[in-house]
Amino acid sequence: MDSLAQAVAYAFSPPEQATLSISGTTDRFPVHRVYCVGRNYAAHAVEMGHDPDKEPPFFFQKNPDNLVPDATTFPYPKASEDVHHEIELLVALKSGGEDIPVENALDCVFGYGVSLDMTRRDLQGEMKKMGRPWEIGKAFEMSAPAGPIMPVSAVGHPDAGDIWLKINEELRQSGDLNQMIWKTPEMISILSTLFTLQPGDVILTGTPAGVGPVQRGDNLHGHVAGVGDLVVTVT
């Protein structure tokens, strides 16, 4: 028998494909990679001690299975005593490639969602001091609660509107999508010069000012205008 026709035998059962739900359908969005944009709102860059006028865009990654589809809870993670909330617009890609022109970048977008980039800030801070990667602070289990994806056919391409997060009904983060330093087409285009983007790639587009700690029992309510809401309880 042709070896290509033989069934693949794995040493153990492979992990389940990471997916997100899609609003209005039972179909799932299969996740390939998760790219995150750092300090993409000027006020947040300033509050983190950086000058947004002098920095080119930079990126880090979470793992696909860090995404929690239709999340209602966020378990406080191990090894940290300072976990912070970061509300973000999520961009889900249906196509990709290399060196994508800015003017064509939005053609790659399947839809948009609301997500949290939860961060073990104390561990991230230790890595920064030592000049080491951030994964220990960013890419831990269940660190990216996410709502359903809203297809472009339903919401268009949001480029302005409120983005905010409340904790126990108290407003903590507030901004506007038009305050992003690098807009969605620019992020896609720049990423495509560094990586070969693929269908299923997800981009978390940065967070407005006001990040801060969460505690067990807190109720987090995140909102992106025209896209939706995400409500989770810290457990």
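In which helix is lysine 138 found? Lysine 138 belongs to helix 3, which spans residues 135-138. The structure described here is a predicted model. This briefing begins with that lysine, continues with two helices and their packing, and ends with the pairing of three strands.

**Lysine 138 and its surroundings**

- Lysine 138 counts as buried because its relative accessibility is 2%, and the cut-off for a buried residue is under 20%.
- The side chain of lysine 138 forms a polar contact of 2.8 Å with the side chain of aspartate 117.
- A polar contact, also of 2.8 Å, links the side chains of lysine 138 and threonine 119.
- Leaving aside residues up to four places away in sequence, lysine 138 touches Phe60, Lys62, Glu86, Asp117, Met118, Thr119, Arg121, Gln124 and Ser143.

**Helix 2**

- Helix 2 covers residues 121-130, and Arg121, Leu123, Gln124 and Met127 are buried in this helix.
- These buried residues lie on the same side of helix 2, because they cover an arc of only 160° around the axis.
- The buried residues of helix 2 pack against strand 7 (83-85), strand 10 (119-120) and helix 3.
- Two of the buried residues of helix 2, Arg121 and Gln124, are among the residues that lysine 138 touches.
- Glycine 131 follows helix 2 and has a positive phi, near 70°.

**Helix 5**

- Helix 5 consists of residues 184-194, where the buried residues are Thr184, Pro185, Met187, Ile188, Ser189, Leu191 and Ser192.
- Strand 3 (34-37), strand 4 (59-62), strand 8 (87-93), strand 9 (109-116) and strand 15 (202-204) are the elements against which the buried residues of helix 5 pack.

**Strand 18 and its partners**

- Strand 18 (residues 228-234) pairs with strand 6 (residues 73-74) in the parallel sense, over 2 bridges.
- Within strand 18, valine 234 stands opposite phenylalanine 74.
- Strand 17 (residues 219-224) runs antiparallel to strand 18, and 6 bridges join the two.
- Leucine 220 has valine 232 of strand 18 as its bridge partner.
- Strand 17 and strand 18 form a hairpin with 3 residues between the strands, and glycine 226 in this hairpin takes a positive phi near 80°.
- Strand 18 is thus a parallel partner of strand 6 and an antiparallel partner of strand 17.

Technical notes
Residues are numbered from 1 along each chain as its sequence is written. Side-chain values use heavy atoms; hydrogens and water are left out. Two strands pair if DSSP finds at least two bridges between them. Helices (H or I, at least four residues) and strands (E, at least two) are DSSP runs, numbered from the N terminus. Buried means under 20% relative accessible area, exposed over 50%, partly exposed in between (1.4 Å probe, protein chains only). A polar contact is a pair of N or O atoms within 3.5 Å; within protein, one must be able to donate a hydrogen and the other to accept it, and residues adjacent in sequence count only if both atoms are side-chain atoms. Contact means heavy atoms within 4.5 Å. The arc is that of the directions from the helix axis to the C-beta atoms.
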